[in-house]
Amino acid sequence: MNIGIVCYPTHGGSGVIASELALGLSQRGHEIHIISYATPFRLASFHQNVFIHEVEVSSYPLFKYPPYALSLATKLVEVSKQYGLDLIHSHYAVPHAASAYLAKQMIGSEKLKTVTTLHGTDITLVGLDKSFYQMIKFNIEESDGVTAVSQYLQKRTQEEFAIQREIRVIHNFVDTERYSRSANNCTKDHFAPNGEKILMHASNFRPVKRVTDVVRIFAKIREQIPVKLLLVGEGPERLFVQQLVKELKLSEDVLFLGEQEYIAQLMNCADLFFLPSEQESFGLVALEAQSCGVPVIGATTGGLPEVVENGKTGFLLPVGDIAGMAQRSLELLSKDDLYESFQKEARKRALDYFDSKSIIPQYEAFYEEILNKR
Ligand code: GMT
């Protein structure tokens with residue numbers, strides 16, 4: 001198939017899934033055209049069968065807001081015509097699904113199909129904004145196929161947008177070979193020279209991730225045992241988090257590592273991974289941690305319980321339950337047998353349910369179904 005993939009090029013989960021899907025599909029012989037405003041970071045080097053098309057957005061004094069969605073639609077038409085795309089797959093509804101819809105109308109051919117994957121905040125935050133609501137509902141109804149990354153997100157979309165049509169659940173996935181203990185050596189001494197336990201969090205530091213909770217949980221654990229905290233990522237909350245670390249006098253034991261291209265190696269230094277988000281439609285990074293055999297401490301929110309099996313691969317507690325999360329972390333870190341069983345189960349869960357080898361063919365089969373409806 002000739003497939004156009006539209007995504008954000010940034011470090012967010014939707015861009016990661018779109019890029020990994022592009023790589024997986026290209027290895028299975030499909031021709032993939034990525035259409036975005038920059039090269040997604042995971043596709044920076046050359047990959048056979050993957051072509052990158054950057055969308056240029058013109059600025060003009062009249063435009064207070066450059067019309068990216070229109071430039072994207074124009075680029076989609078150009079790429080579709082030049083390379084004979086069979087299908088455009090938009091990751092994250094806003095504004096990609098609207099641009100794909102417009103491109104399809106401009107081409108005027110029933111042959112070009114559109115698929116939209118809903119990732120999370122495109123529904124739960126941005127989607128509920130009055131200024132987008134009708135557009136998103138329309139795009140969900142008009143795409144030839146729609147997928148959601150968890151059962152939670154599927155149900156939430158159907159309820160919030162009163163959607164009757166099918167929304168197929170295709171979970172996030174992970175390359176369990178790359179994200180594994182055996183594929184990555186991490187020198188723990190580098191971060192924890194005195195054998196301290198290493199705790200980790202990685203995100204785009206937006207309020208929804210509650211990174212300050214991570215710091216407060218860490219502070220409680222540190223009152224009991226020697227620990228270090230690795231914070232990976234960048235975003236609007238970083239300054240507040242840095243301030244809190246200073247206030248709580250934790251600077252010596254908290255390392256801000258900034259954005260990292262592949263966190264698999266760092267994951268293998270971690271003893272526990274934290275994801276105490278307010279909302280999480282799936283929690284890709286928790287899956288990546290589990291694939292490396294790292295148990296997860298997180299919040300009982302959204303689709304995270306589909307990823308982390310509470311009491312088996314990690315512990316999930318109510319959003320904001322800092323004391324509970326600290327107590328569960330201490331329990332795991334202090335009982336070797338329990339910890340080892342969580343480690344094993346975490347890896348097993350990634351292999352059994354979310355391996356790229358079994359999820360990528362689900363997308364492929366979904367495309368075929370859509371194309372066969374011609
Ligand atoms: O909402 C975001 O954080 C951005 C979004 C993205 O585009 O990166 O992340 C969402 O998509 C990921 C990949 O499907 C999911 O694993 C994340 O859980 C989801 N984030 C939220 O729901 C907060």
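**Exercise 1.** In this predicted model, decide whether Y60 is buried, partly exposed or exposed, and find where Y60 lies in the chain.

*Solution.* Begin with the relative accessible area of Y60, which is 48%. Buried means under 20% and exposed means over 50%, so Y60, at 48%, counts as partly exposed. Next, follow the chain: Y60 sits in the loop between strand 3 (50–54) and helix 2 (68–83). Finally, look at the surface, where Y60 joins L62 and F63 in making a nonpolar patch of about 360 Å².

**Exercise 2.** Find which cysteines the disulfide joins, and state how far apart in the chain they are.

*Solution.* The structure holds 1 disulfide, and this link runs from C186 to C269, with an S to S distance of 1.6 Å. The angle about the S-S bond is -90°, and the link is left-handed. The pair connects distant parts of the chain, 83 residues apart, with C186 in the loop between strand 7 (168–169) and helix 7 (188–191) and C269 in the loop between helix 10 (264–267) and strand 11 (272–275). As for exposure, C186 is partly exposed at 21%, whereas C269 is buried at 0%.

**Exercise 3.** Describe how the protein surrounds the ligand, and give the share of the ligand's area that is buried.

*Solution.* First, note that 17 residues surround the ligand, the closest being G13, S14, H119, R206 and E280. Then examine the contacts made by oxygen atoms of the ligand: one is 2.2 Å from a side-chain N or O atom of R206, one is 2.5 Å from a polar backbone atom of G13, and one is 3.1 Å from a backbone N or O atom of F282. Taken alone, the ligand exposes 480 Å², of which the protein buries 94%.

Methods. Residues are numbered from 1 along each chain as its sequence is written. This is a predicted model: local features need pLDDT of at least 70, side-chain atom pairs count only at pLDDT 80 or more; totals for chains, interfaces and linings use all residues. Side-chain values use heavy atoms; hydrogens and water are left out. Patches are made of residues with over 30% relative accessible area and no salt bridge: like charges are joined within 9 Å, nonpolar side chains (Val, Leu, Ile, Met, Phe, Trp, Tyr) within 5 Å. Accessible areas come from the Shrake-Rupley method with a 1.4 Å probe; for residues, only the protein chains shown count as cover. A salt bridge is a side-chain nitrogen of Lys or Arg within 4 Å of a carboxyl oxygen of Asp or Glu. Helices (H or I, at least four residues) and strands (E, at least two) are DSSP runs, numbered from the N terminus. Buried means under 20% relative accessible area, exposed over 50%, partly exposed in between (1.4 Å probe, protein chains only). A residue is near a molecule or strand if one of its heavy atoms lies within 4 Å of it. A polar contact is a pair of N or O atoms within 3.5 Å; within protein, one must be able to donate a hydrogen and the other to accept it, and residues adjacent in sequence count only if both atoms are side-chain atoms. A disulfide is a pair of cysteine sulfur atoms within 2.5 Å.
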